[in-house]
Amino acid sequence: MSAAVRSWNGLPQAAHARQLVLHARDAALPAAEGSVLAHGNGRSYGDVCLNDGANLLLTRGLDRFIHFDRASGVLRCEAGVLLGEILTLALPQGWFLPVTPGTRQVTVGGAIANDVHGKNHHVAGSFGHHVRAFELLRSDGSRLLCGPHRQPQWFAATVGGLGLTGCIVWAELQLMPVANAYMLVEERRFTGLERFWELNAAAERDMPYTVAWIDCLARQPRGIFSSARHAPPQHALPLSRHAQRRMAVTPPVSLVNGPSLRAFNALYYHRPLPPAPSLRHHGGFFYPLDGVRDWNRIYGPRGFYQYQCVLPPAGSHDGIAAILARIAGSGQGSFLAVLKTFGTRPAAGMLSFARPGATLALDFPNRGADSLRLFASLDAIVAEAGGALYPAKDARMPASLFRAGFPAWQAFSAFVDPRFSSSFWRRVNP
């Protein structure tokens, strides 16, 4: 079958020749003319999950659990299993994902291919650091069993390899033990970036999860700093309701605009904060947006961009300040502005995004040329600081910035399967 496919942010749109379905019983990739690209649950932004004019290899059919050792927390499952499905299985038995991004609607294969990170990189690294093994199906029919100590070069190329080295069929993960489904969360309001750096440095010494929401429209940056740990055993736990709202329609224009952003940011910043620490269900802490189905529709038919950068420690303080000042001056704000820091653990993959420094992520309604001009000015700040943009969240990164931010790209190219490609890869390797 063939159809136009958009990524989660609604742009760009790609026309694929065919959408091929891969099943566990398949001994080889389905036959088709042109290149292929594995496509999980479609939660990547931009064109890293698209293959315009060629073929998508749909992997959600690889949805079986293979083995779970309840004593050790070692789980083996097929690559199309969602992170949320792992939590449904493992959390009642006392196990949790050691690293999780901001949505549980991501496949295991996609989490590996983008080497996703969470709020605990300073203690746990990225998702790839907790992958014990995976099977990689290549277009020549070969199957490589890869791990940190078995085929380590193929392992490093595939973790964070953007789905270009072949198709991950199954993976084995090491989960982490927890006592229950709840978190102990502390929240503090702050004004000024210097206060953020102080709060973050102190929290990282004691807390495994740290993150800040930023009001990027304020003349002086302000926000709410959150830190958390998994709750210890409790005599009683509060009831948690999981009613999911839905954005049922796509409005004709974006509901995210100057007045709505200012109102939301002011209300969110001044909202009453619960006593610290507060007991909170993990879903509200890790996955607040998962509570609104199809939340991406709020940006209207033109979609939105996410701009996520990482700046090395030496340039992070000045660079983050310059980026926020440029955004505030443009009037193109974001109510989803997240600032956090990465630890010093060496990257698991050749093209892994997470590295020592600070990372800032913001969503912007698509305003056409105005948005692109703003991003170009932000690119200059990122490049001067020696930083990088996140391929999984990118829809317009210039090739020069990709190559500067990922200097291993040439060495990585030797591991790309000759039949695999993506719109992103062709864009940054014209």
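Contact here means heavy atoms within 4.5 Å. Helices (H or I, at least four residues) and strands (E, at least two) are DSSP runs, numbered from the N terminus. The model is predicted: local features need pLDDT of at least 70, side-chain atom pairs count only at pLDDT 80 or more, and totals for chains, interfaces and linings use all residues. Residues are numbered from 1 along each chain as its sequence is written, and side-chain values use heavy atoms, without hydrogens or water.

**Stop 1: helix 9**

Select residues 369–385, which form helix 9. At 1.5 Å a residue, its 17 residues should span 24 Å, and the end C-alpha atoms are 25 Å apart, which agrees. The expected span is 1.5 Å times one less than the number of residues.

Now colour the buried positions; buried means under 20% relative accessible area, with exposed over 50% and partly exposed in between (1.4 Å probe, protein chains only). They are Ser-371, Leu-374, Phe-375, Ser-377, Leu-378, Asp-379, Ile-381 and Val-382. An α-helix has 3.6 residues a turn, so residues three or four places apart point the same way.

What do the buried residues of helix 9 pack against? Show strand 19 (304–311), helix 8 (313–330), strand 21 (357–365), strand 22 (388–389) and helix 10 (399–405). Then step past the end of helix 9 to Gly-386, where phi is positive, near 75 degrees.

**Stop 2: helix 8 against helix 9**

Keep helix 9 and add helix 8. The two pack at about 170 degrees, with axes 10 Å apart. That makes helix 8 roughly antiparallel to helix 9. Axes are lines fitted to C-alpha atoms, for helices over the stretch in contact, and angles run from 0 to 180 degrees between N-to-C directions. Angles under 35 degrees count as roughly parallel, over 145 as roughly antiparallel, 65 to 115 as roughly perpendicular and the rest as oblique.

On helix 8, pick Gly-315, Gly-319, Ala-322, Ile-323, Arg-326, Ile-327 and Ser-330. They meet Leu-374, Ser-377, Leu-378, Ile-381, Val-382 and Ala-385 of helix 9. Eight residues of this contact are nonpolar, four polar and one charged. Ala, Val, Leu, Ile, Met, Phe, Trp, Tyr, Cys and Pro count as nonpolar, Asp, Glu, Lys and Arg as charged, and the others, Gly among them, as polar.

**Stop 3: strand 14 and its partners**

Select residues 209–215, strand 14. Seven of the seven residues are buried, so strand 14 is largely enclosed by the rest of the structure. Tyr-209, Val-211, Trp-213 and Asp-215 lie on one side, and Thr-210, Ala-212 and Ile-214 on the other.

Add strand 15 (222–230), which pairs antiparallel with strand 14 over seven bridges. Two strands pair if DSSP finds at least two bridges between them. Six residues make the hairpin connection. Check Val-211 with Ser-226, then Ile-214 with Gly-223.

Strand 20 (337–342) also runs antiparallel to strand 14, through two bridges; Ala-212 partners Leu-339 there. Strand 13 (182–191) joins strand 15 by nine bridges, again antiparallel. In that strand 15, Arg-229 stands opposite Leu-184.

**Stop 4: the five-stranded sheet**

Move to the open sheet with strand order 6-7-11-9-10 and antiparallel pairing. Its edges are strand 6 (65–69) and strand 10 (143–146), each paired on one side only. Neighbouring strands are turned by 10 degrees on average, direction ignored.

Zoom to strand 9 (131–137) and strand 11 (167–174), joined by six bridges. Ala-133 has Glu-172 as its bridge partner. Last, select helix 1 (83–90): it lies across strands 6, 7 and 11, at about 45 degrees to strand 6.
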